[in-house]
Amino acid sequence: MSISVGDKIPSGKLQVMGENGPTPVSTDELFSGKKVVLFAVPGAFTPGCSMTHLPGYVVNADKILAAGVDTIACLSVNDAFVMDAWGKAQNAEHIMMLADGNGDFTKALDLELDGRGFGMGLRSQRYAMIVDDGTVTTLNVEPGAGVDVSAAENIMAAL
C-alpha cells in the first residue's frame, strides 16, 4: 500500500552531489521540523520531466519558498551525478536534486513505476507531495502519462 496523506515519511538515505562527490542525505534530516515540497519524476533528462515538470518548479521556486516552504526537492531513481547535471542544465539552483539510485526510498513509499517495457527498469511514479515535519499533508500522484496533478501550480494551490 502506497504512502498516504497523514503517513510519516519512512527513514532512509538519498544522495545529493556535494563538493567531493555523492553525499548521503537522511530523510529524517531532510523532513524533520521542516515544510518540504517533494516532487518525483520517472527520469532526469526525459522529455516530460525536462520540458514541463521540473521547469514549473524552477520558475515558481521563489513563490513556493515565500509560501513558507523550507525546501523544494526533486527526486528520481537516477544517480547523484545525473541529478546534479540535470539540475545544472535546468538552472535549478533553488531545488535540491535528490538521487534515489537504487530506488529504495521509492520502494518504501510504494510509488514505483515499472519502466522495463521502455528499457528504463524500475523508476518512480510521477508525483508531488507536501511534507510537514515528516508527515505527508498533500499527495498528488499522476494517474497516467503527463504532468497535471503533480505540477507546481497545483502544489502551490495546496500551500
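Trainee: Is Asn 140 buried or exposed?

Mentor: The model is predicted, and every value discussed here is computed from it. Asn 140 lies in strand β9. Its relative accessibility is 17%, and a residue counts as buried under 20%. Asn 140 is therefore buried.

Trainee: Which backbone oxygen does the side chain of Asn 140 reach, and at what distance?

Mentor: Leaving aside neighbours within four places in sequence, Asn 140 is in contact with Arg 126, Tyr 127, Ala 128, Val 149, Ser 150, Asn 154 and Ile 155. One of these residues, Val 149, supplies the oxygen in question. The side chain of Asn 140 reaches the backbone oxygen of Val 149 at 2.9 Å.

Trainee: Where is Val 147 found, and which residues does Val 147 touch?

Mentor: Val 147 is found in the loop between β9 (135-141) and α5 (152-158). At 24% relative accessibility, Val 147 counts as partly exposed. Residues up to four places away in sequence are not counted among its contacts. With that condition, Val 147 touches Gly 48, Thr 52, His 53, Arg 126 and Glu 142.

Trainee: What separation is found between the C-alpha atoms of Val 147 and Lys 34?

Mentor: Along the chain, Val 147 and Lys 34 are 113 residues apart. In space, the separation of their C-alpha atoms is 26 Å.

Trainee: How many bridges join strand β1 to strand β2?

Mentor: Strand β1 covers residues 13-18 and strand β2 covers residues 21-26. The two strands form a hairpin, with two residues between them. They run antiparallel, and the number of bridges joining them is six.

Trainee: Which residue of β2 stands opposite Val 16?

Mentor: The pairing can be followed residue by residue along the hairpin of β1 and β2. Lys 13 stands opposite Ser 26 in β2. For Val 16, the residue opposite in β2 is Thr 23.

Trainee: How many aromatic pairs does the structure hold, and why is the pair of Phe 39 and Tyr 57 stacked?

Mentor: The structure holds two aromatic pairs. In the pair of Phe 39 and Tyr 57, the ring centres are 3.9 Å apart and the planes stand at 5°. Planes under 30 degrees apart count as stacked, so this pair is stacked.

Trainee: Which parts does the pair of Phe 39 and Tyr 57 tie together?

Mentor: Phe 39 is buried at 0% relative accessibility, and Tyr 57 is buried with a relative accessible area of 0%. The two residues belong to parts that are 18 residues apart in sequence. Because Phe 39 lies in β3 (residues 35-41) and Tyr 57 in α2 (residues 47-66), the parts tied together are strand β3 and helix α2.

Trainee: What are the distance and angle between the rings of Phe 45 and Trp 86, and how is the pair classed?

Mentor: A pair of aromatic rings is described by the distance of the centres and the angle of the planes. For Phe 45 and Trp 86, the centres are 6.3 Å apart and the planes are at 50°, so the pair is tilted.

Trainee: Where do Phe 45 and Trp 86 lie, and which of the two is buried?

Mentor: Phe 45 lies in the loop between β3 and α2, and Trp 86 in helix α3 (residues 80-89), so the pair ties together parts that are 41 residues apart in sequence. Phe 45 has a relative accessible area of 47% and is partly exposed. At 0% relative accessibility, the buried residue is Trp 86.

Trainee: What is the phi of Asn 91?

Mentor: Most residues other than glycine have a negative phi. Asn 91 is found in the loop between α3 and β5 (96-99), and at 53% relative accessibility it counts as exposed. Although Asn 91 is not a glycine, its phi is positive, at about 55°.

Trainee: What is the phi of Asp 110?

Mentor: Asp 110 is found in the loop between α4 (104-109) and β6 (112-114). At 31% relative accessibility, Asp 110 counts as partly exposed. Its phi is a positive value in a residue other than glycine, near 60°.

Trainee: How much space lies in the largest pocket, and which residues are the closest to its centre?

Mentor: About 370 Å³ of space lies in the largest pocket. Its lining comprises 17 residues, and α2 and β6 each supply at least two of them. The closest to the centre are Pro 42, Leu 113, Arg 126, Gly 144 and Ala 145.

Definitions and conventions: Residues are numbered from 1 along each chain as its sequence is written. This is a predicted model: local features need pLDDT of at least 70, side-chain atom pairs count only at pLDDT 80 or more; totals for chains, interfaces and linings use all residues. Side-chain values use heavy atoms; hydrogens and water are left out. Two strands pair if DSSP finds at least two bridges between them. Helices (H or I, at least four residues) and strands (E, at least two) are DSSP runs, numbered from the N terminus. Rings of Phe, Tyr and Trp (its six-membered ring) pair if their centres lie within 6.5 Å; planes under 30 degrees apart count as stacked, over 60 as edge-to-face and the rest as tilted. Buried means under 20% relative accessible area, exposed over 50%, partly exposed in between (1.4 Å probe, protein chains only). Contact means heavy atoms within 4.5 Å. A polar contact is a pair of N or O atoms within 3.5 Å; within protein, one must be able to donate a hydrogen and the other to accept it, and residues adjacent in sequence count only if both atoms are side-chain atoms. On a 1 Å grid over the protein atoms alone, a cavity is a set of points where a 1.4 Å probe fits but cannot get out, and a pocket is an open set with protein on both sides within 12 Å along at least five of seven lines; lining residues have an atom within 4 Å of a point. Grid points are joined across faces, edges and corners, and a volume is the space filled by probe spheres set on the points.
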